[in-house]
Structures are given as C-alpha cells and as structure tokens.
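Trainee: Could you take me through the inside of this protein? I'd like a close look at how its interior is packed and where empty space is left.

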Amino acid sequence: MGKFITFEGGEGAGKSTQVELLKKRLLSEFGGEVLVTREPGGSELAEKIRDLILAKRPAASETEFLLFAAARVEHIAETIAPALKSGKWVICDRFFDSSRVYQGMLGGVCSQFIEMVERHTVRPYIPDLTIILDVPAELSMERARVRGALSRYDAATKQEHEVLRQGFLDIASREPQRCVVIDGSRNVEAVSKDVFEAVKSRILKGT
Ligand code: TYD
C-alpha cells in the first residue's frame, strides 16, 4: 500500500502550493509515483458533483454535506484506493476534515451524523498523515481578498474564518497521531521544509 497524505486548512493557507512542492520533493528524494488530487472532485462523477456543488449552494447544510460525502466515496473508489493499492503516494488537497469543519462546525450539521457517514464511506482510507496549514484569520482574509473570486463555501466574515481555524486545530488536538499543524503564515520555503520534515518523521520513520 502507498501512503496517503491530506492537506487541510481555511482559505489562503497555501495548500495547493504546498501540495505541488511536496510532490516534487517526494519524487526527487524517494522516486516512485505520486498522485495529486483534490476535493471536491478527483473522479469523473465526483467532478460532476463538484460542478453541481460549486454552481449552486444548497439551501440546507445537510444537502451540502451529503453531496460532498457522495463525491468523496466516488473519489476514494475510483482514484484514491486504486492508487494506494498500486503503491503510489497519494496527496489530496482537502478531504473529510473539510466536511467536519465547513459543514459540521460552520454549517451546524450534527457531528454524530457526520461520524456515521464517515464510518461507512471513508474507512479504511483514513490518511496516514494530515497536514493542517494554520494561518490567523486576518491573514486568511487578506490572502483570500488578494486571490479574489470567493468560492460559495468560503468564509466571509472574520468570525467564520476563526471558526474554520479553530475547527481544524480542534481536530488536530483530538487526533495527534494523524494530524500535524504547521504555521502557514511564513514564507513558502519555510512551510515546505516543515511539511517535508513532518512527512519524514511521521511516515518514513522505520521504513
Ligand atoms: P476550492 O475552489 O477547491 O477551494 P480551496 O482552494 O479553498 O480548496 O473550493 C472548495 C470549497 O469547498 C472550499 O471553500 C471548501 C469547501 N469544502 C467544503 O465546504 N466541504 C468539503 O468537504 C470540501 C472538500 C470542501
């Protein structure tokens, strides 16, 4: 089995840049194959669900959650599981923690319901490592403003950014074996160095 790494964080945390840098680093230092993917999306049907989700935000957070969850099951079945089974590294930009935080903590979907759906859909494909890029709410807002074009699910107010940030930090403190929090407010190289150190110490130790 290959190793499964996910990146999480609020807006403007620098996930996509760090995903690409980690891919390059893994290829140059370890060889093998690296699959980069993202959510929502990552398989033919999941991309269609992505278009649907991003085109029109549902009226209820439960609908949102179930659509993200449906896209995720397809993504796992069609893309993630086969890649891991063939021994590839899989790096995914957002995964179930985003549902817990965006639909659960921000949207108010019942956490037991989320856990139950996770149990029946995501398992056994729990990431070997989840990298949470943490940035203060003000910086998230500033980076999102510079980037422009907010997605329909992006936090709008400072308070929402705080909820997202705290949500990811809470997950990391509840699941320290799986999660590592990295300060994403620093320059790209410093963050990338810490990301690679985390991969080495958490995943490659003993291999
Ligand atoms: P995207 O344009 O991919 O944004 P980002 O660069 O921030 O990842 O849009 C995805 C949006 O969907 C983003 O605002 C987070 C949200 N999202 C959820 O609300 N729940 C989820 O389970 C996932 C995977 C994403």
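**Inside the fold**

Mentor: Let's start with an empty spot: the lining of the second largest cavity is made of seven nonpolar, two polar and two charged residues. Keep in mind that this is a predicted model. That second largest cavity holds about 60 Å³ of space. Among the residues lining it are Phe 65, Arg 72, Phe 96, Ser 99, Ile 114 and Glu 118. Three elements each give two or more residues to this lining, namely α3 (61–85), α4 and α5 (111–121).

Since α4 has come up, let's stop there for a moment. This helix covers residues 96–106, and Ser 98 is part of it. Is Ser 98 buried or exposed? Ser 98 has a relative accessible area of 8%, and the cut-off for buried is under 20%, so Ser 98 counts as buried. If you skip the neighbours within four places in sequence, Ser 98 is in contact with Glu 8, Gln 103 and Phe 168.

Now for the other holes. Searching the whole structure turns up three cavities of 30 Å³ or more. The largest cavity has about 100 Å³ of space in it. It is lined by 13 residues, and those closest to its centre are Gly 10, Leu 133, Asp 134, Val 135 and Arg 165. Here β4 and α7 (158–174) are the elements that give two or more residues to the lining. Helix α7 has the largest share, with five residues. By type, the lining of the largest cavity has seven nonpolar, four polar and two charged residues.

So much for the gaps; what about the packed parts? As a rule of thumb, nonpolar side chains in soluble globular proteins tend to be buried together. In this model, the largest nonpolar core has 22 residues, and Ile 5, Phe 7, Leu 22, Ile 131 and Val 199 touch the most other members. The elements giving two or more residues to this core are β1 (4–8), α1 (15–30), β3 (89–93), β4 (129–134), β5 (179–183) and α8 (188–204). The biggest giver is α8, with seven residues.

Pick out Ile 131 in the viewer and look around it. Leaving out residues up to four places away in sequence, Ile 131 touches Ile 5, Thr 6, Phe 7, Glu 8, Val 180, Ile 182, Val 195 and Val 199. Apart from the largest core there is another one, of 12 residues, including Ala 81, Leu 84, Val 90 and Phe 96. You've met Phe 96 already: it is one of the residues lining the second largest cavity.

Methods
Residues are numbered from 1 along each chain as its sequence is written. This is a predicted model: local features need pLDDT of at least 70, side-chain atom pairs count only at pLDDT 80 or more; totals for chains, interfaces and linings use all residues. Side-chain values use heavy atoms; hydrogens and water are left out. Helices (H or I, at least four residues) and strands (E, at least two) are DSSP runs, numbered from the N terminus. Buried means under 20% relative accessible area, exposed over 50%, partly exposed in between (1.4 Å probe, protein chains only). Contact means heavy atoms within 4.5 Å. A nonpolar core is a set of buried Ala, Val, Leu, Ile, Met, Phe, Trp, Tyr and Cys residues joined through side-chain atoms within 4.5 Å. On a 1 Å grid over the protein atoms alone, a cavity is a set of points where a 1.4 Å probe fits but cannot get out, and a pocket is an open set with protein on both sides within 12 Å along at least five of seven lines; lining residues have an atom within 4 Å of a point. Grid points are joined across faces, edges and corners, and a volume is the space filled by probe spheres set on the points. Ala, Val, Leu, Ile, Met, Phe, Trp, Tyr, Cys and Pro count as nonpolar, Asp, Glu, Lys and Arg as charged, and the others, Gly among them, as polar.
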